[in-house]
Amino acid sequence: MVSVPMNFKCGADDTYTITASQIESFEYGTEIYLEDLATGAEWHNLVENPVYEFTAGPLGIQNRFIVHFFGPTGIGDPEAESAVQIYGFHKDAYIVNHGTQSIKEYYVYDMMGRELQSGSLPNSTVNKVTIGDVSAYYIVKVITKEGGVYIDKVFITE
């Protein structure tokens, strides 16, 4: 995953539009999401819908957006790819649900196997879980309501 912060500054209260063009120029299988930090809403999938509309004003936060790129890491069997992917970025773990199963809960472990935190997650495409302030590797386990279990290692930086 590569995440790119974007600033936005406007001079008037109005409705604005971000349009992502030439999405087809990215390698097949690349996913591109727009995170709106001002609304905290579910990430907007720019591959499925390249137009994002929002309201803003001159007093709004300028570091409002992050564009997240989830790219293929090689040529593989698309059938073999995991329905749930887990990534680390700064202090957070991102849990991306590509499948039809509903995510039920998550667990975070240190490298010694000690459980550090756990919780339930809403049924959304992308979930963000704040892990902490200590730079280290962590294990994140996700369990779906249908009994699926997905585990991955993430690196968290302060």
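Which residue stands opposite His 68 in β6? In this predicted model, that place is taken by Ser 3, which faces His 68 of strand β6. The briefing below begins with the confidence of the model, then turns to the sheet around β6, and ends with selected surface residues.

**Confidence of the model**

- The protein chain has a mean pLDDT of 85, and 93% of its residues reach 70 or more.
- Over residues 73-80, by contrast, pLDDT stays under 50, and for this stretch the model has zero contacts beyond four places in sequence.

**The sheet that contains β6**

- An open sheet is formed by four strands, which follow one another in the order β1-β6-β3-β4 with antiparallel pairing.
- The edges of this sheet are occupied by β1 and β4 (44-45), each of which has a single partner strand, so that one side of each is left without a neighbour in the sheet.
- Strand β6, which spans residues 65-70, is mostly covered, with five of its six residues buried.

**The pairing of β6 with β1 and β3**

- Strand β1 (residues 2-6) pairs with β6 in the antiparallel sense over five bridges; along this pairing, Ser 3 stands opposite His 68, while Met 6 stands opposite Phe 65.
- Strand β3 (residues 31-36) also pairs with β6 in the antiparallel sense, here over six bridges, and Glu 31 is found opposite Phe 70 of β6.

**A nonpolar surface patch**

- Met 111, Tyr 137 and Phe 155 together make a nonpolar surface patch of about 320 Å².
- Of these patch residues, Phe 155 has its place in strand β13, which covers residues 149-156.
- Phe 155 counts as partly exposed because its relative accessibility is 40%, a value that falls between the limits of under 20% for buried and over 50% for exposed residues.

**An exposed loop residue**

- Thr 100 lies in the loop that runs between β8 (92-97) and β9 (103-109).
- Because its relative accessibility is 79%, Thr 100 counts as exposed.
- Thr 100 and Gly 29 are separated by 71 residues in sequence, and in space they are 18 Å apart from C-alpha to C-alpha.

Technical notes:
Residues numbered from 1 in each chain as written. Predicted model: local features only at pLDDT ≥ 70, side-chain atom pairs only at ≥ 80, totals over all residues. Heavy atoms only, no water. Buried < 20%, exposed > 50% of the residue type's maximum accessible area, 1.4 Å probe, protein only. Helix = DSSP H or I, 4+ residues; strand = E, 2+ residues; numbered from the N terminus. Pairing = 2+ DSSP bridges. Patch = residues over 30% accessible without salt bridge, like charges linked within 9 Å, V, L, I, M, F, W, Y side chains within 5 Å. Areas by Shrake-Rupley, 256 points an atom, 1.4 Å probe, with all protein chains shown as cover. Salt bridge = Lys/Arg side-chain N within 4 Å of Asp/Glu carboxyl O. pLDDT = per-residue confidence, 0-100. Contact = heavy atoms within 4.5 Å.
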